[in-house]
Amino acid sequence: MSVGERRINGHLLARLIGPRAHERPYYLAVARAVSGLVLDGRVPTRTRLPAERDLAAALGVSRNTVTAAYTWLRENGYLDSRQGAGSWTVLPDGGAGAAALFVPDAEHIDLGVAAPAAVEGLQEAARRSVEQLSAHVGGQGYAPFGLPELRHAVARRYVERGLPTAPEQILVTNGAQHSVAMLLDLLVDPGDPVLVETPTYPHALDSARRHGARVRTVGVGPHGWDMEDLVDAFRRWRPKVAYLIPDFQNPTGALMDDDERAAVAAEARRAGTSLIVDESVAELAIDSGDQPAPLAAHDTDGRVYTVGSVAKLLWGGLRIGWVRTTPPMAERLMAVRQRHDLSSPILDQLTVTRLLADVMRVRAERSRQLRRNRDALTAALRDRLPEWRFTTPSGGLVLWAELPRPVATALGDVALRHGVHPAPGPVFGAEGTLERFLRLAYTQPPDVLGDAVDRLAAAYAETLARPVPVRRDLYV
Ligand SMILES: Cc1ncc(COP(=O)(O)O)c(C=O)c1O
């Protein structure tokens, strides 16, 4: 779409901004609302905003107020203006902000990247896979759907988890993010409505936006999903696609129960929505207790695309993931994949196949390790930061902490000077809000986590004592 084709009129924008009369300064409330609409895709990028006088009339305010709001949006990277031609919405830095989070940080104690060290036995499995290569090197080395033995192992694991699955339903990919990007390629056209959780996994959100999706969010917290809102979103908005993380949701740790899974599948069917279900951390249960069967167990007509990965269970350095779908859709997805790459590494696939043969041992090891780390982190937080609130996650790699004050971004900056790197809440939100939250990964051993919390406590005290003037007035 060329610049200027998409417009929004004053009345519609005023309606989307909503009532803000109680907020001061008013121009900033308007500017924040518009930046939130751009960030969550409800006003797509490259949309021409109404003339200042039109929006002023629709909002019932002076033109100066709208001029100030547009100036703020321009200065903060949300508007691109041309003299006499108008103003178009854009994302700051081309929307690259969120991606920075997952650059591993070797200088500080890194609580921002939720990626554990490799499981025991990985090197041995890799060595034995090298020996096995002799059976493959005489061939072409391409396996567009994945090695048959790996597809078989992945399918068998679904069967064990209560979901009948044939190997033909598995397309091996280079990781969960690769799978999500391919699925969005297959399922989403520019302007399509896409439903995501807030907070959510930022790279999936980024990918949806880059596909030109109109993103709408539904709330989730450590205690679960706002089911009323979720049902309402399906019924009224009829999303083309919904991207959900029902198992130890990233970043809140929430686990969707079986009834809710059934309800989501039923609503998606009624609304004609395809579901991308990200199970990247589904195998990382920490506490014993029944984990519901995969959401796809409630699928009756092939609309659920399940994304899996070994990055968290085995190691992020093995770039192997998959999509579970119907055999015909696996073929279509493979055709989409070929625009980007042709096959996943054979050596990695052999190694993963070996380790999956021993999946219960691996799961038990991860579970023990994560329990020990999580319990060390929660004990240290209770001791050193008793005013922070959290729900202890029953699985996954991260804890979603709620601060008494909306200072997460400022605290993140101060914490770096104290040698620790947490992930501030706004990174996971579509609206740039969530300033009361921090995501803390517990992938490091207890002594490191204890040290990290000492440093966080010192950083928090410093943040409160000398509030850093970064965008404090902007938090809503
Ligand atoms: C929910 C979620 N999806 C996808 C990914 C990316 O996984 P992979 O390394 O397999 O691409 C992650 C990694 O943190 C994740 O937490």
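Tutor: Buried means under 20% relative accessible area. The model discussed here is predicted.

Student: Is Asp 192 buried or exposed, and what is its relative accessible area?

Tutor: The cut-off for buried is under 20%. Asp 192 falls in the buried class, because its relative accessible area is 15%.

Student: Which side chain meets Asp 192 in a salt bridge?

Tutor: Asp 192 is in the loop between α7 (176–187) and β7 (193–198). Its partner is in the loop between α9 (227–237) and β10 (241–244), 48 residues apart from it. That partner is partly exposed, with a relative accessible area of 32%. At 2.9 Å, N to O, the side chain that meets Asp 192 is Lys 240.

Student: How many residues apart in sequence are the parts that Glu 279 and Arg 161 tie together?

Tutor: The side chains of Glu 279 and Arg 161 meet in a salt bridge at 3.0 Å, N to O. Glu 279 lies in the loop between β11 (274–278) and β12 (304–309), and Arg 161 in the loop between α6 (148–160) and β6 (170–173), so the parts tied together are apart in sequence by 118 residues.

Student: Which residue forms a salt bridge with Asp 287?

Tutor: Asp 287 lies in the loop between β11 and β12, and its partner is in helix α13 (residues 359–384), so the pair ties together parts 87 residues apart in sequence. Asp 287 is partly exposed, with a relative accessible area of 33%, whereas the partner is buried at 5%. With the closest N and O atoms 3.0 Å apart, the partner is Arg 374.

Student: Asp 348 is buried yet has no salt bridge; how far away is the nearest side chain of opposite charge?

Tutor: Asp 348 is in helix α12 (residues 346–356). Not counting residues up to four places away in sequence, Asp 348 touches Gly 317, Leu 318, Arg 319 and Ile 320. A salt bridge needs a side-chain nitrogen within 4 Å of a carboxyl oxygen. For Asp 348, the nearest side chain of opposite charge is that of Arg 319, at 7.0 Å.

Student: At what angle do helix α3 and helix α4 pack?

Tutor: In α3, Glu 52, Arg 53, Leu 55, Ala 56 and Leu 59 meet Arg 63, Val 66, Thr 67 and Tyr 70 in α4. By class, this contact has five nonpolar, one polar and three charged residues. The crossing of α3 past α4 is right-handed. The axes of α3 (residues 52–59) and α4 (residues 63–75) are 8 Å apart, and the packing angle is about 115°.

Key:
Residues numbered from 1 in each chain as written. Predicted model: local features only at pLDDT ≥ 70, side-chain atom pairs only at ≥ 80, totals over all residues. Heavy atoms only, no water. Axes fitted to C-alpha atoms, helices over the stretch in contact; angles between N-to-C directions. Helix = DSSP H or I, 4+ residues; strand = E, 2+ residues; numbered from the N terminus. Left-handed = near helix turned anticlockwise from the far one by under 90°. Contact = heavy atoms within 4.5 Å. Nonpolar A, V, L, I, M, F, W, Y, C, P; charged D, E, K, R; others polar. Buried < 20%, exposed > 50% of the residue type's maximum accessible area, 1.4 Å probe, protein only. Lys, Arg positive; Asp, Glu negative; His and termini not counted.
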